[in-house]
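Good morning, everyone, and thank you for making room for me today. I would like to walk you slowly through one protein, so please have the sequence and the picture open while I talk.

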Amino acid sequence: MNVGLGLPISDPPLLLDWARSADAGPFSTLALLDRLVYDNPEPLVMLAALAGVTSRIRVQTEVLLAPLREPALMAKQAATLDRLSGGRLTLGIGLGGRRDDYLAAGVDSHGRGARLNEIMMDMRRIWSGEPYGEESGPIGPAPVREGGPEILFGALKPAAIERIARFGDGLLSASPLTEMDRLFRATEQAWRSAGRSGRPKLVAQLNAALGPEPTIEEARGHLHRYYSGPHYMDMPPDYTEMVVQRMLTTPDEVRDAVQQVTDVGADEIIFYCWSVDMGQIDRFAETLA
């Protein structure tokens, strides 16, 4: 089982040290979330810096809110980061669930799924080297992998699952463990129905913190602040509390989660760390050794 780490967002300069330490360890991926109306580093900028101080580990957006962005520039930025990292970029892409992000970007949140489909068609065309339009030539640089970097979609609903089969390489699931088996199987079925060869990549993402009580309490505080607020479009009123309560906080819970996602066929699990305590890197490595 490949194991990655989701990076804390409250101290951007410290993430360079996180990246160096994780790159020297057993981890497969460094992931970074995306919000607009929040005090977090912009993920493509931050991951470019992290790619520059690492040599092995993959860098991943989790998830990039693509409907907020102009597709031609986004495709160029992603291809540049892919080339800079030597093909180590994974674009986790999703719609996002906060209305305030859309308002700040000046983008209508209605029809955002259809907008994402159009964006994916534009970006795939750009990455293939085709002219952008009748009066525009190709947009470079070319990504390392023909057709573009690896794409994972965050998905809950059938339309989003179908999007994986049309445009993506796999599913990034931040759903509860009890829901992952259903979503993984639905993704595989959509993949087969679309006539895709091979199988989709299946990635689980869980919030976690390992360490003394101050580390865990710091993580809970950051997690609560990040998920709180009145701007959700599709989530229940108690969503924030549910997310905080589900955070894994002991080595036994982490090991059990790895076993559960292995049992349902995951290829990778990302433990999203919400405390800046760098001791967590060694604790996760020791727990999973």
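**A walk through the model**

Let me begin in strand S3, residues 58–65, where Val63 is found; when I say strand, I mean a DSSP run of E of at least two residues, while a helix is a DSSP run of H or I of at least four residues, and both kinds are numbered from the N terminus. Val63 is joined to Glu62 by a cis peptide bond, with omega about -10°. A second cis peptide bond runs from Gly140 to Pro141, with omega near 5°, and Pro141 is found in the loop between helix H5 (112–127) and strand S5 (150–154). As background, most peptide bonds are trans.

Before going further, I should say that this is a predicted model, in which local features need pLDDT of at least 70 and side-chain atom pairs count only at pLDDT 80 or more, whereas totals for chains, interfaces and linings use all residues. Residues are numbered from 1 along each chain as its sequence is written, and side-chain values use heavy atoms, with hydrogens and water left out.

Now to the protein as a whole, which has 11 helices and 8 strands. Along its principal axes, the C-alpha trace spans about 60 × 40 × 40 Å. The radius of gyration, taken over C-alpha atoms, can be set against a globule rule of 2.2 Å times the number of residues to the power 0.38; with 289 residues, a compact globule would come out near 19 Å, and the protein has 18 Å, which agrees. Of those 289 residues, 51% count as buried, where buried means under 20% relative accessible area, exposed means over 50%, and partly exposed is in between, computed with a 1.4 Å probe and protein chains only. As for contacts, meaning heavy atoms within 4.5 Å, residues 24 or more positions apart account for 74% of those with a separation of 6 or more.

How do the helices sit against the rest of the protein? Let us take helix H11, residues 279–288, in which Gln280, Ile281, Phe284 and Thr287 are buried. Seen down the axis of H11, these buried residues fall within an arc of 135°, so they line one face of the helix; the arc is that of the directions from the helix axis to the C-beta atoms. It helps to remember that an α-helix has 3.6 residues a turn, so residues three or four places apart point the same way. The buried residues of H11 pack against several elements, including strand S1 (2–6), helix H1 (15–23) and strand S8 (268–273). Asp282 also has its place in H11, but Asp282 is partly exposed, with a relative accessible area of 47%. Asp282 and Ala22 are 260 residues apart in sequence, and yet 8.7 Å apart in space, C-alpha to C-alpha.

Helix H8 (213–227) is among the partners of the buried residues of H11, and two of the residues in H8 deserve a pause. Thr215 lies in H8 and, at 6% relative accessibility, counts as buried. Leaving aside neighbours within four places in sequence, Thr215 is in contact with Leu210, Ser275, Asp277 and Gln280. Glu213 lies in H8 as well, but Glu213 is partly exposed, with a relative accessible area of 46%. The C-alpha atoms of Glu213 and Thr249, 36 residues apart along the chain, are separated by 9.4 Å.

Helix H9, residues 239–246, can be read in a similar manner, with Tyr239, Thr240, Val243 and Val244 buried. Seen down the axis of H9, its buried residues fall within an arc of 130°, so they line one face of the helix, and they pack against S7 and H8.

Finally, I would like to set two residues side by side: which of them is buried, and which is exposed? Trp191, in helix H7 (residues 177–193), is buried, with a relative accessible area of 5%. Not counting residues up to four places away in sequence, Trp191 touches, among others, Ile164, Asp169, Arg196 and Pro200. Lys157, found in the loop between S5 and helix H6 (158–167), counts as exposed at 52% relative accessibility. The C-alpha atoms of Lys157 and Ala186, 29 residues apart along the chain, are separated by 9.8 Å.
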